[in-house]
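Thanks for coming. I will go through one structure today, starting with its core and ending with its backbone.

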Amino acid sequence: MFDKFNDECGVFGIFDHPEAANLTYLGLYALQHRGQESCGIVASDGVKLNRHRGIGLVADVFKNDSVFEKLPGRNAIGHVRYSTAGGTDIKNCQPILVDYHRGSIAVAHNGNLVNAPELRSDLEKRGSIFSTIADTEVIIHLLARAECETLPDRITEALKEVMGAYSLAFLTETRMVAVRDPNGFRPLVLGSLDGAYVVASESCALDLIEAEFVREIEPGEMIVVDKDGLKSYHPFEKRTATPCIFEHVYFARPDSTIFGRQVYQVRKEFGRQLAREHAVDADIVIPIPDSGVPSALGYAEESGIPFELGLIRNHYVGRTFIEPQQSIRHFGVKIKLNPIREVIAGKKVVVIDDSIVRGTTARKIIKMIRNAGASEVHVRISSPPTSYPCYYGIDTPTRNELIASSHTIEEINRYVTSDTLGYISREGLLKSTKCSMGETTFCDACFSGQYPVKFPRLNCKK
Ligand code: AMP
């Protein structure tokens, strides 16, 4: 099976600011939704790179002020990571930091390289010794072997070997480099603050530190920042850009602007389109919080059915909790969500969520809503059926586990026990993004099975 160690990550970088590490910490705070397993910062004082990283949330890993004393300098990059496999081993936390014959370099990566296992095995045969299981380390080894004179050329040479998704931030003693792969799968934005350049996975990180949004880093673009300012290169062969539609569906924060569009507005439009495609006679529209909220607002607006908060989410639930000895039914969902009986009882309810993956969440929530007295439960999903795994950096289970890969919509409807089930169409979804990106189309492989960057068969998730 394909290892996917850099799924769902966030990257941040800032060059030439007196509070570089501190602002990177804040940037990571804003990107916490992109990865909760581990995080880290590397800072440069112009001579030496220093790192602090750890397992856990940003607020925990950086809870002592003293940490920042160990991260001096005007330049820094940071990373938040979520991974499904490989356990929680600190050596896989990013940024990766290495010393090689040309000095030190650190890298933070969001995305997934589809040919990493082949490159790795090739490099190992040629003597490379890997110290992590992250596919990102392949880039470092390729870069260390590159014989070109300049850093941008070495990075280019390394990246020409890799296939797949990468939004990257590199830091050396004196330079910051940010690169987005030619397909532009993952977002990456450029900002400025008091004359310092900032890069971040999403614009919400710029907002928190009050940096100005300059523009998105383009697919296939490399930005190099040093004491002479910023230079932009387009070193790769041009391809049709295919940014990830699932960023708009679920992953990005609704207050971010990515791929030319504001995420909240796009999600609301998904909801409106869903209402046009799957109207139903009902009393209230309720979202599954938080991911279903913007689309539920759009659905309510378009249909004229009142929006209600029928499910309340506890925002303080960690990833694990100790269950009571005496079993409480559906404990896992119940600890996160609780229905308001007074809102739901006796009502015909439309429930909106962004996606159904395995189907287990929807099934439990519908039971919960029925127990709260709903007379009918109609489920509407603001993305098409998720039938195929992602190989470009969204954490999806294997194909067998995706309920839509082997069940019809009617079968899923029966499984999740809704009265009716409707998914937005693929055309409706794409139309609703209203993206003005020229030749750009979206990668919607998770819905269509059309993978824009091919990969060795070996790496397919069964
Ligand atoms: P499931 O129970 O497997 O059907 O999970 C569906 C829920 O997972 C939906 O409410 C989504 O909001 C959420 N979801 C969808 N994609 C992801 C993802 N890649 N990572 C974490 N949660 C997700």
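When I say that two residues touch, I mean contact between heavy atoms within 4.5 Å. The model is a predicted one.

With that cut-off, take Tyr-392. Leaving out residues up to four places away in sequence, Tyr-392 touches Gly-111, Asn-112, Val-114, Ala-165, Phe-185, Arg-186, Cys-443, Tyr-451, Pro-452, Val-453 and Phe-455.

Tyr-392 belongs to the largest nonpolar core, which has 39 residues. Together with Val-285, Tyr-299 and Val-350, Tyr-392 touches the most other members of that core. Which elements give two or more residues to it? They are α8, α9, α10, β19 and α17. The most comes from α9, with five residues. In terms of domains, at least three residues of this core come from domain 1, residues 9-239, and at least three from domain 2, residues 261-315 plus 328-434. Apart from this core lies another, of 30 residues, including Leu-28, Leu-193, Ala-196 and Ile-209. As background, nonpolar side chains in soluble globular proteins tend to be buried together.

Next, empty space. Rolling a probe the size of a water molecule over the atoms shows where such space is left. The count here is two cavities of 30 Å³ or more. The largest cavity has a volume of about 110 Å³. It is lined by 14 residues, and the closest to its centre are Cys-244, Cys-390, Ile-394, Cys-443 and Cys-446. Cys-443 has come up already, as one of the residues that Tyr-392 touches.

Now one helix, α16, which runs over residues 426-433. Its buried residues are Gly-428, Leu-429, Ser-432 and Thr-433. Why do these line one face of the helix? Seen down the axis of α16, they fall within an arc of 135°, so they line one face. The general background is that an α-helix has 3.6 residues a turn, so residues three or four places apart point the same way. On the other side of α16, Glu-427 and Lys-431 are exposed. The cover over the buried residues of α16 includes α8, β15, α9 and α17. Of these, α8, α9 and α17 are also among the elements that give two or more residues to the largest core. Just after α16, Lys-434 takes a positive phi of about 45°.

That leads to the backbone. Most residues other than glycine have a negative phi, and most peptide bonds are trans. Here are some exceptions.

Asp-16, which is not a glycine, has a positive phi of about 70°. It lies in the loop between β1 and α1. Phe-259 also has a positive phi, near 50°, and its loop is the one between β14 and β15. Are these two residues buried or exposed? Asp-16 is partly exposed, with a relative accessible area of 36%, whereas Phe-259 is buried, with a relative accessible area of 2%.

As for cis peptide bonds, one joins Gln-94 and Pro-95, with omega about -5°. Pro-95 is placed in the loop between β4 and β5. Another cis bond runs from Pro-289 to Asp-290, with omega near -5°. In that bond the proline comes before the aspartate, and Asp-290 lies in the loop between β16 and α10.

That is what I have; I will take questions now.

Notes
Residues are numbered from 1 along each chain as its sequence is written. This is a predicted model: local features need pLDDT of at least 70, side-chain atom pairs count only at pLDDT 80 or more; totals for chains, interfaces and linings use all residues. Side-chain values use heavy atoms; hydrogens and water are left out. Buried means under 20% relative accessible area, exposed over 50%, partly exposed in between (1.4 Å probe, protein chains only). Helices (H or I, at least four residues) and strands (E, at least two) are DSSP runs, numbered from the N terminus. The arc is that of the directions from the helix axis to the C-beta atoms. A nonpolar core is a set of buried Ala, Val, Leu, Ile, Met, Phe, Trp, Tyr and Cys residues joined through side-chain atoms within 4.5 Å. Domain bounds come from an automatic or database domain assignment. On a 1 Å grid over the protein atoms alone, a cavity is a set of points where a 1.4 Å probe fits but cannot get out, and a pocket is an open set with protein on both sides within 12 Å along at least five of seven lines; lining residues have an atom within 4 Å of a point. Grid points are joined across faces, edges and corners, and a volume is the space filled by probe spheres set on the points.
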